[in-house]
Amino acid sequence: MRLVWAIALCIFLGAGAPLSAATVLFDFETDEEVTLWHDERKTTLGADKRLERSQAFAASGQFSMRFWTGKWRPEEHGGARKWPAFEGKPPITDWSRYDRLVMELVNVTDTPHRLMLFITDSEKPTRHGLSHREMLPPHTRIQAVIPVRKGFADRKVDASDIQVMHFFTEDPPEEMVIHIDRLLLLEPGEEIPPLPASYLKELATLQAPNVEKARADLGEAAGRLEEAARGKPRLAEWATKEIAGLRKELSRVEAALAQGDEAVLEAPKALARLREETARLESLLALRVRFERIRPAVQVGPAEEVVVGFASSMEKVLPRAGAVSPQIRERVQVALARNEKESLQVVVLPCERDLKRVQVRARDLFAGPGRRFSARNIQAVPVGYVETKATPPYGSPHIGWWPDPILDFMKEADVAKGDAQAFWIRVRAPKSQVPDLYHGKLDVLVEGRPRFAFDFAVRVYGFTMPDASPLPLAITFAPHDHPTDQTKEVQAKWREMEEYPVNAWRRHRSRWADFLADYYITYDSLYEYSGWEPNFEDLARLHRQGRLGRFNLGYFPVYTEDGWPDVIKRIRARYEKAKALGLLEYAYIYGCDEHPKEKFPGVERAAAELKKEFPDVMVMTTTYDHSFGLESEIQSVDAWCPLTSRFDPERAAAARARGKEVWWYICCGPHHPHANMFIEYPAIEGRLLMGALTAKYRPDGFLYYQISIWNSRKPITGGPFTDWDPRSWTTYHGDGSWTCVGPGGTPLATIRLENFRDGLEDYAYVRILEATIAKVEASPQLHERQAKWLETAKALLEVPAEVAESMTRYTDDPAAVYRWRDRIARAIETAGTSPAAPWDRPAPGRANPE
């Protein structure tokens with residue numbers, strides 16, 4: 001059925017309401033709209049759940065649908081899981097004209113609950129259809145907006161044949177009661193209609209328990225703050241003032257709820273912010289108390305009501321949300337090998353006033369007469385922030401400002417009262433640096449004047465990192481944007497602008513190639529975008545520098561008689577060019593991206609034809625053959641590349657025994673508990689993926705589809721709070737985008753890119769130890785003399801469980817990573833011989849020796 005909301009709104013809201021057209025899919029005004037739901041593949045609803053019409057929380061008409069299911073805790077049922085669900089066929093099955101599905105959800109319980117939805121057609125299995133997930137906090141309403149047009153396209157669901165809507169939850173921790181109403185289908189450009197006043201009043205009443213809890217929590221927090229500040233009059237006065245401000249915020253929320261208008265809809269967010277600010281206040285007071293203990297040792301200028309702390313490079317310090325937990329210490333140390341970069345963060349938190357021109361500066365460090373670590377090798381710049389506006393598909397604990405770009409073009413930043421501003425301290429040890437422990441100072445300046453000075457040490461190990469990646473990589477850097485239905489018109493206009501990042505970077509092409517090589521990434525592309533060709537000038541230069549990694553000669557599709565001559569012609573020209581430049585050993589050919597089983601014959605024919613023409617070039621694919629050629633007709637592919645979640649060590653070993661390589665990759669998946677590199681995911685995950693997890697599972701290489709999807713209108717030219725759009729592919733944040741664009745189109749790294757490189761350097765530590773063990777074992781004299789060392793060193797090749805137990809169980813503690821690295825480094829240094837370098841051979845070779 002199709003209803004025009006111009007009529008409906010007159011009924012529900014009365015004359016004078018703004019008019020909007022929308023199609024009602026369900027509004028539960030009849031019993032038939034409830035009884036059509038049933039269990040999966042059945043005709044009735046199971047006894048473990050109930051659906052009924054209710055006059056509460058009707059967002060359209062007089063009724064909503066109430067969903068009830070009992071609690072289910074797996075630990076109380078022998079670990080058994082439960083997914084209470086109901087599904088039905090929608091009354092409208094042709095959704096091809098619509099781009100969004102909107103529905104109103106209300107959780108009336110004291111417990112957060114999850115509600116998920118699959119939508120599919122008559123051909124595709126339910127769980128392969130479009131999926132959507134909502135987390136419903138206690139006593140809260142959520143308006144779910146599902147981009148169905150994009151979702152159907154991504155999942156290859158036929159929008160004109162929608163047959164199944166499958167709602168479900170998972171292991172409800174307590175009794176679950178959810179009201180569902182006003183499921184609307186909207187065409188592009190149609191606005192979501194306003195909500196009736198009666199519904200808003202019910203929502204205001206629903207918030208009463210949350211308001212009472214907020215009031216009680218503030219009272220308890222005030223008591224804890226008073227106790228923590230006892231005997232410290234200045235801190236006690238500050239804490240009392242801050243609590244009074246939070247109580248005023250709560251009073252404003254109560255006033256808005258009393259009005260009963262659309263401001264009610266913002267109350268849950270306001271209460272959530274109040275909880276965050278309360279937790280932040282308590283953590284900040286604790287930091288101030290601890291900082292006061294070391295203040296006499298570190299303060300060198302006029303007193304400032306400021307806290308200065310430290311964080312590792314594996315942490316993301318939210319500037320304006322949540323508890324603040326930097327480490328408070330007088331001394332900080334970084335340890336690294338020669339030709340390595342390692343970073344830490346200095347976090348500055350003004351407590352009582354805004355600060356202008358805050359800067360962190362390193363002095364020269366010394367290890368005795370004539371031994372100096374130059375301050376020129378220590379960079380200190382502000383961390384930049386990007387603002388997320390919505391929860392991404394993989395979920396997020398916070399919507400708002402996230403740390404990501406590293407603002408290399410800035411030396412100082414203004415810091416507002418209450419903000420936690422991080423500064424990225426990047427240390428680089430030259431190849432010629434004498435191994436030793438160097439001591440100096442890190443200064444924090446405000447308006448050009450030193451305020452604090454901290455002891456700073458740099459430990460340089462006696463071995464050297466490689467110039468090129470220790471692990472073969474196939475990574476796309478091919479800047480482009482990814483408009484949504486809502487942004488495609490404006491982004492089409494931006495594409496005509498010289499300053500648009502996807503255009504601006506071109507003025508610095510070679511600089512970008514050098515920048516990427518600094519992160520072990522070769523300027524390359526898996527795909528043949530319009531106008532793409534391998535940039536042989538930059539590739540040859542990187543080769544001369546010893547920094548060249550793998551690069552692609554071209555993308556290959558499934559074999560077809562008509563199209564194949566053009567594929568060979570394209571690749572042949574690049575093959576001959578690479579051969580003439582002496583680069584052929586670094587080349588590969590990639591294609592048949594994520595192809596399903598029905599395309600296996602065409603994939604095999606394509607790979608076989610390529611091997612006939614280019615027998616000395618590796619052919620690689622992410623085709624979904626999870627047997628890696630052991631159980632399929634695909635025999636001519638040289639390198640298989642599954643998702644990390646589908647990497648099978650036993651099958652990989654069997655494939656290698658047949659002369660194949662098995663890489664792995666990530667993209668928009670997998671999600672937690674697997675590691676990935678989204679903006680909202682912990683920074684440590686990227687480092688673990690490229691370091692400890694790679695050392696543990698030994699893929700032959702790593703593939704990533706894109707690091708330069710940029711949807712911002714212009715480059716970053718200021719900060720620290722930037723206008724860079726964190727949205728990358730579809731509604732993801734940072735997927736396919738590990739880089740940002742700075743002034744004039746220049747390159748900017750992100751915290752995620754830094755951790756990517758740091759992980760590869762961790763992996764290099766393992767490879768150096770491995771090669772050094774082989775060197776000791778090859779020498780009869782060393783073998784006998786270093787027998788105890790060999791026993792210890794070989795044990796270190798096993799990644800400890802405290803760092804990475806499995807692909808889904810790994811540490812979130814940077815200290816565990818540092819301990820693991822340091823043990824390996826000390827083993828290398830005590831081998832009784834010079835460290836071996838497994839990458840001294842000119843050819844890239846396989847990542848893992850047999």
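**Exercise 1. Helix 10 and its surroundings**

Task: In this predicted model, find which residues of helix 10 are buried, and what they pack against.

Solution.
- Step 1. Locate helix 10 at residues 509–518.
- Step 2. List its buried residues: Trp 512, Ala 513, Phe 515, Leu 516 and Ala 517.
- Step 3. Look at what these buried residues pack against. There are two helices to mark, helix 11 (536–545) and helix 17 (751–778). Strand 31 (740–741) and strand 32 (747–748) also belong to the list.
- Step 4. Move just past the end of helix 10. There, Tyr 520 takes a positive phi of about 70 degrees.

**Exercise 2. The nonpolar cores**

Task: State which residues touch the most other members of the largest nonpolar core. Then list what Phe 756 touches.

Solution.
- Step 1. Recall the general trend. In soluble globular proteins, nonpolar side chains tend to be buried together.
- Step 2. Turn to this chain. Its largest nonpolar core has 211 residues. Val 346, Phe 456, Phe 551, Phe 702 and Phe 756 touch the most other members.
- Step 3. Ask which helix gives the most to this core. That is helix 7 (residues 267–298), with twelve residues.
- Step 4. Take Phe 756 and leave out residues up to four places away in sequence. Phe 756 then touches Leu 473, Ile 475, Tyr 519, Ile 521, Met 677, Gly 686, Met 690, Phe 702 and Trp 738.
- Step 5. Add the second, separate core. It has 35 residues, including Leu 25, Leu 51, Phe 152 and Phe 167.

**Exercise 3. A four-stranded sheet**

Task: Work out the strand order of the open sheet that contains strand 4, and explain why strands 4 and 7 each have one side without a neighbour.

Solution.
- Step 1. Write the order: 4-9-6-7, with antiparallel pairing.
- Step 2. Read off the ends. Strand 4 (85–88) and strand 7 (130–136) stand at the edges. Each has a single partner strand, so one side of each is left without a neighbour in the sheet.
- Step 3. Note the twist, which averages 15 degrees from one strand to the next.
- Step 4. Check one pair closely. Strand 6 (residues 113–121) and strand 7 run antiparallel and are joined by seven bridges. Leu 117 has His 132 in strand 7 as its bridge partner.
- Step 5. Add the helix. Helix 3 (residues 148–155) packs on the sheet and touches strand 6, strand 7 and strand 9 (162–168). Its direction makes about 130 degrees with that of strand 7.

**Exercise 4. Strand 11**

Task: Decide whether the faces of strand 11 are covered or open.

Solution.
- Step 1. Count the buried residues of strand 11 (residues 306–312): seven of seven.
- Step 2. Sort them by side. One side holds Val 306, Val 308, Phe 310 and Ser 312. The other holds Val 307, Gly 309 and Ala 311. Both faces are covered.
- Step 3. Find a partner strand. Seven bridges join strand 11 to strand 13 (residues 341–350), and the two run antiparallel. Val 308 is bridged to Val 348 in strand 13.

**Exercise 5. Tyr 697**

Task: Is Tyr 697 buried or exposed? Which residues does Tyr 697 touch?

Solution.
- Step 1. Place Tyr 697 in helix 16 (residues 692–697).
- Step 2. Apply the cut-off: buried means under 20% relative accessible area. Tyr 697 has 19%, so Tyr 697 is buried.
- Step 3. List the contacts, not counting residues up to four places away in sequence: Phe 647, Pro 649, Trp 664, Glu 805, Ser 806 and Met 807.
- Step 4. Compare sequence and space for Pro 649. Tyr 697 and Pro 649 are 48 residues apart in sequence but 6.8 Å apart in space, C-alpha to C-alpha.

Conventions:
Residues numbered from 1 in each chain as written. Predicted model: local features only at pLDDT ≥ 70, side-chain atom pairs only at ≥ 80, totals over all residues. Heavy atoms only, no water. Pairing = 2+ DSSP bridges. Axes fitted to C-alpha atoms, helices over the stretch in contact; angles between N-to-C directions. Contact = heavy atoms within 4.5 Å. Buried < 20%, exposed > 50% of the residue type's maximum accessible area, 1.4 Å probe, protein only. Core = buried A, V, L, I, M, F, W, Y, C linked by side-chain atoms within 4.5 Å.
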